[in-house]
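Reader: Got a minute to walk me through this one? I'd like to start with the cysteines.

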Amino acid sequence: MIEARHLTKVFRHRKRGEIRAVDDVSFTCRPGSIYGLLGVNGAGKTTILRMLATLLQPTAGSASVAGLSVTDHPARVRARLGFLATSTALYGRLTARETIAYFGKLNDLSAEQITRRTEHLATELHMHDFLDRRVDTFSTGMKQKTSIARTLVHDPDVIIFDEPTLGLDVLAARTIIAFVRDCRDRGKTVIYSTHIMSEVEKLCDVIGVVHGGRLLAEGSHTELKERTGTSDMEEVFVRTIGAESAA
Amino acid sequence: MNLRHATTVYLKELKDSLRDRRTLVSMFVIPTLLMPVIFVAFGTVTTKLVRKVRTETPTVMLLGGEDSPKVRAALAAQPRLKIVPSADDFRTRISEKKLRAAVRIPDDFDRSLHEGRPATVTIYTYEGELRSGFAAGEIDRFFRDYREKLIQARLEERGVPPSLLKPFELTRQNVAPPEKVGGNLIGGIIPCVIILLAFSGAMYPAMDLAAGEKERGTMETLLCSPASHTEIVLGKFLMVLTASLATVVLSALSTVVTFGLGASLFAREAMASVARGAGGAAVRHALPSLHPGGFLLSLTMVLPVAILFSSVLFTISLFAKSYKEAQSYLSPLVIVVILPAMLATLPGVDLNATLACIPVLNVALLSKELVSGIFNWPYITLIFLSTSVYAAASLTWAVKMFNRESVLFRS
């Protein structure tokens with residue numbers, strides 16, 4: 001489970017002064033469900049996720065992952081969490097197998113556990129053909145599958161996906177989406193951040209619309225559609241952030 | 001702190017670096033080839049140049065002395081000089097290196113000598129130019145011999161023994177062991193080179209493992225793992241240190257091999273010179289030698305310096321957003337490092353308690369003493385301790401910086 005309570009992040013910039021990247025955001029994501037964070041680039045999604053992944057310290061508010069406070073137990077939170085972001089790249093000179101093993105070791109898995117998990121993930125993500133090739137020879141899809149495998153090597157309870165289909169072709173994107181859905185079906189707590197409306201509609205049980213660092217609306221896509229009086233998800237989004245902008 | 005995490009990070013960085021051509025070049029190829037290339041290339045070029053200059057007959061212009069046929073004839077008979085006719089533009093020709101030197105014989109030179117009146121011969125030369133220097137040397141030698149013979153003849157004429165002018169002989173003999181002579185000759189250069197190598201060996205991995213990782217986006221991937229920031233810094237720092245030490249050790253080995261081979265070549269040449277009766281012993285004694293224990297100890301002293309360099313370079317590189325930015329921060333630091341190392345080579349700059357606390361300079365000064373076989377233990381301890389304190393402080397700084405969001409996620 002993920003719980004965010006009044007989560008706030010303020011950056012102090014020398015020239016631009018105080019920047020409130022995340023402003024009083026609260027939400028809950030339960031096991032066996034996918035919480036979608038929907039927002040344009042720069043809305044504050046990545047900052048929220050970085051705080052949940054303990055990469056950034058909240059300026060105010062609190063958050064817990066699998067019952068552990070992100071500020072009090074950062075290492076234990078990371079051990080229970082899988083974080084996959086567009087900004088999390090791979091080591092080009094390692095093979096996919098070595099990459100998975102590296103993160104397995106950092107998650108304190110034994111050699112036997114690493115071998116077993118590598119085999120399992122390689123089968124699920126169709127990676128056997130390139131498992132022993134160096135990452136710098138990979139296509140974007142191969143890289144993304146390797147990234148997912150290294151994120152999930154320790155079989156975390158909570159998984160955060162930050163724009164995981166960015167730059168992928170349709171087939172690779174479908175594999176990833178199927179995999180995310182599978183994670184939910186196995187009872188994992190999943191946060192899925194994106195600006196692609198169709199993905200949100202297909203995948204997410206609860207959607208949070210983020211704009212200007214604030215959570216403007218929350219609910220299932222049916223609820224949001226009803227609230228905004230439209231059946232198109234893109235229109236839901238535009239009306240939600242439009243109403244805020246007008247206000 | 002979980003040392004297993006730090007070891008995992010270190011081993012991964014090592015594997016990654018050993019697969020990187022740029023790291024391999026800076027870590028293995030350059031340090032191994034640097035010393036032999038410097039010695040062989042510099043030695044070969046210098047030897048060839050000097051040999052060529054020695055075999056060349058320099059062109060020398062004879063000015064004046066038309067009324068002194070004796071000295072002109074003696075000069076013209078010199079096989080090591082090619083006398084050219086007098087011309088007014090001799091200064092320009094020397095400056096343009098078309099003429100090696102010129103010599104002006106004063107008017108009435110022969111007669112002045114005959115009558116015992118003082119006379120001055122002037123040699124015109126291009127100061128600092130090797131060929132001109134050789135030509136001037138030949139002219140100088142000729143006139144000294146000429147003067148010597150004249151003195152001998154005058155003394156004989158007056159029935160005075162030559163020992164009257166030379167009541168005693170003066171000789172100089174070296175009592176310092178060869179390693180101390182060697183230490184003085186090259187003791188300053190070796191620490192300079194070692195310090196520079198320790199720095200350059202750490203520079204590339206420091207940039208790659210901090211700024212490079214941030215730029216490629218792999219740093220965030222690593223930060224998502226349960227490894228703490230301290231463990232990550234330690235693993236990465238150990239890799240930078242390994243590269244720095246590998247550079248120094250490989251360079252030291254190649255220096256030892258180069259010196260060993262050079263020594264045997266020198267010895268062979270010296271033996272050949274002895275067989276020809278041409279001062280072989282002098283050649284052998286001219287060969288600088290180093291105190292092996294001191295050389296090893298000075299390498300040990302490099303350890304805290306390498307720790308200091310590795311952590312400082314890693315921390316500064318951490319501030320940079322990209323590899324290129326890190327390069328612009330770190331490259332000028334070479335001067336900051338090489339200046340104190342060079343200061344140590346200056347005459348009169350000797351180790352004292354204050355200098356023993358100045359990083360880099362202290363190790364450079366100590367190494368100079370160590371390779372000469374001087375073991376000043378209180379200073380060795382003080383320098384090791386002070387450099388270790390600086391190294392520990394900079395490593396703490398690295399960890400502190402690694403925990404700052406503004407540094408890790410600078411945009």
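Reader: So how many disulfides turn up over all chains?

Author: Zero, from a search of the whole structure; a disulfide here is a pair of cysteine sulfur atoms within 2.5 Å. Keep in mind that this is a predicted model, where local features need pLDDT of at least 70 and side-chain atom pairs count only at pLDDT 80 or more, while totals for chains, interfaces and linings use all residues. Residues are numbered from 1 along each chain as its sequence is written, chains are lettered from A and ligands numbered from 1 in the order in which they are written, and side-chain values use heavy atoms, with hydrogens and water left out.

Reader: Why no bond for Cys204(A)?

Author: The closest cysteine sulfur, in Cys29(A), is 9.4 Å from the sulfur of Cys204(A), so that is too far for a bond.

Reader: Is Cys204(A) buried or exposed? And what about Cys357(B)?

Author: Cys204(A) counts as buried because its relative accessibility is 5%. Cys357(B) is partly exposed, at 31% relative accessible area. The cut-offs: buried is under 20% relative accessible area, exposed is over 50%, and partly exposed is in between, with a 1.4 Å probe and protein chains only.

Reader: OK, confidence. What does chain A average?

Author: A pLDDT of 90, and 98% of the residues in chain A score at least 70. pLDDT is the predictor's confidence in each residue, from 0 to 100.

Reader: Which element of chain A has the lowest mean?

Author: Helix H9 (residues 233-246) of chain A, with a mean pLDDT of 77, whereas helix H3 (residues 96-106) of chain A has the highest, 96. Helices (H or I, at least four residues) and strands (E, at least two) are DSSP runs, numbered from the N terminus.

Reader: Switching to aromatics. How many pairs over all chains?

Author: Twelve aromatic pairs in the whole structure. Rings of Phe, Tyr and Trp (its six-membered ring) pair if their centres lie within 6.5 Å; planes under 30 degrees apart are stacked, over 60 edge-to-face, and the rest tilted. One of the pairs is Tyr91(A) with Tyr102(A), edge-to-face at 6.0 Å centre to centre and 70° between the planes. That pair links distant parts of the chain, eleven residues apart: Tyr91(A) sits in the loop between strand E6 (81-85) and H3 of chain A, and Tyr102(A) in helix H3 of chain A. Both tyrosines are buried.

Reader: What else is around Tyr91(A)?

Author: Ring pairs link Tyr91(A), Tyr102(A) and Phe103(A) into a cluster. Also, Lys12(B) lies over the face of Tyr91(A), at 3.3 Å from the ring centre. A charge sits over a ring if NZ of Lys or CZ of Arg is within 6 Å of the ring centre and within 35 degrees of the ring normal.

Reader: And which ring does Lys97(B) lie over?

Author: Tyr126(B), at 5.5 Å from the ring centre.

Reader: Now Glu220(B). What does its side chain contact?

Author: The side chain of Arg50(A), in a polar contact at 2.7 Å. A polar contact is a pair of N or O atoms within 3.5 Å; within protein, one must be able to donate a hydrogen and the other to accept it, and residues adjacent in sequence count only if both atoms are side-chain atoms. Glu220(B) is found in helix H9 (residues 218-223) of chain B, and it is buried, with a relative accessible area of 7%.

Reader: Last one: where does Ala101(B) lie?

Author: In strand E3 (residues 101-105) of chain B. Ala101(B) is buried, at 0% relative accessible area.
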